[in-house]
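This report describes selected side-chain pairs, buried residues and a helix contact in one protein chain. Please keep the sequence and the structure in view while reading.

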Amino acid sequence: SLLAGVSMAGIGPVWAQDTPTIGFVTLNQRQEIFISQIQAAQEWAAANGYEVLVGDPDNDALAQLNIIQGWLDADQVDALFIGPIDVASLSSALALAGEKGVPPLVASGLEAPTADKQVVIVVDWVKFGTNAGEALAQCINERFGGTAKVAILEGPNLPGTIVSGRIDGEKAALAANAPNPEIVAQQNGEGQRLVSLDVMAALLLQE
């Protein structure tokens, strides 16, 4: 478990409460990937004697900052697990966590810890997209002789490189590894399955 292996054992904070409480805040509570992460965190906490407070910023960086600062101001959390929407906007909250001795785990956005008792997960979103683009190019080469029309489904709109880095990496790798790919559409699925399904269905009907 990421929580067990990194944020708890790796940092080892002195708990302020009888039942240690972890503040868990990621991008939103609507996308399946984040819903599954929250459920996993809650299950782990229940099995290991912790409580989890879950915040929902709904893809809003300022809302995420306010959630974290609210927890810290009220001394509600002993540790933080943060999936940043825009890590640059969280500098004051991370500084406050350091002042209060609340260890944060920051999942992407930072290249190295900025304070004591801080853990960061470094994610190269351009590389993430590059890997996907290389795999897509290989598929096009093997199945279509290197020539294909490509529709890219992106989104949601977020600051930083979480989305844009992946798309840029995918496009560059596709152009470099397939002789004749043509990107005919690039639409925003808002990071939701039903919206994405509708967008892609409309694109397929156009073709």
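Arg 30 has a relative accessibility of 35% and therefore counts as partly exposed, a class that lies between buried (under 20% relative accessible area) and exposed (over 50%), computed with a 1.4 Å probe on protein chains only. The model is predicted, so local features need pLDDT of at least 70 and side-chain atom pairs count only at pLDDT 80 or more, while totals for chains, interfaces and linings use all residues. Residues are numbered from 1 along each chain as its sequence is written, and side-chain values use heavy atoms, with hydrogens and water left out.

**Salt bridges**

Side chains of opposite charge can pair when their charged atoms come close. A salt bridge is defined here as a side-chain nitrogen of Lys or Arg within 4 Å of a carboxyl oxygen of Asp or Glu. How many salt bridges does this rule give? The count comes to 3, and they are set out below.

| Pair | N to O distance | Separation in sequence |
|---|---|---|
| Asp 58 and Arg 30 | 2.9 Å | 28 residues |
| Glu 32 and Arg 193 | 3.9 Å | 161 residues |
| Lys 100 and Asp 75 | 3.0 Å | 25 residues |

Helices (H or I, at least four residues) and strands (E, at least two) are DSSP runs, numbered from the N terminus. The salt bridge of Asp 58 with Arg 30 links distant parts of the chain: Asp 58 stands in the loop between β2 (51-55) and α3 (61-73), and Arg 30 in the loop between β1 (21-25) and α2 (32-48). Asp 58 is partly exposed, at 41% relative accessibility.

Glu 32 pairs with Arg 193, and this salt bridge joins helix α2, which holds Glu 32, to helix α7 (residues 193-206), which holds Arg 193. Glu 32 is partly exposed at 35%, whereas Arg 193 is exposed at 61%.

In the pair formed by Lys 100 and Asp 75, Lys 100 belongs to helix α4 (residues 91-100), and Asp 75 to the loop between α3 and β3 (79-82). Lys 100 has a relative accessible area of 36% and is partly exposed; Asp 75, at 52%, is exposed.

**Two residues of helix α3**

Is Ile 68 buried or exposed? Ile 68, which lies in helix α3, has 1% relative accessibility and therefore counts as buried. Contact means heavy atoms within 4.5 Å. Beyond its neighbours within four places in sequence, Ile 68 is in contact with Val 25, Leu 80, Ile 82, Leu 90 and Ala 93.

Gln 64 is also found in helix α3, and a relative accessible area of 0% makes Gln 64 buried. Not counting residues up to four places away in sequence, Gln 64 touches nine-membered surroundings that include Val 25, Thr 26, Pro 57, Ile 82 and Leu 90.

**The contact of α5 with α6**

From C-alpha to C-alpha, Ile 68 is 29 Å from Gly 129, with their positions 61 residues apart in sequence. Gly 129 takes part in the contact of α5 with α6. The axes of helix α5 (residues 125-144) and helix α6 (residues 164-177) come within 6 Å and cross at roughly 35°; such axes are lines fitted to C-alpha atoms over the stretch in contact, and angles run from 0 to 180 degrees between N-to-C directions. Among the residues that make this contact are Trp 125, Phe 128 and Ile 140 of α5, and Arg 166, Ala 173 and Leu 174 of α6.
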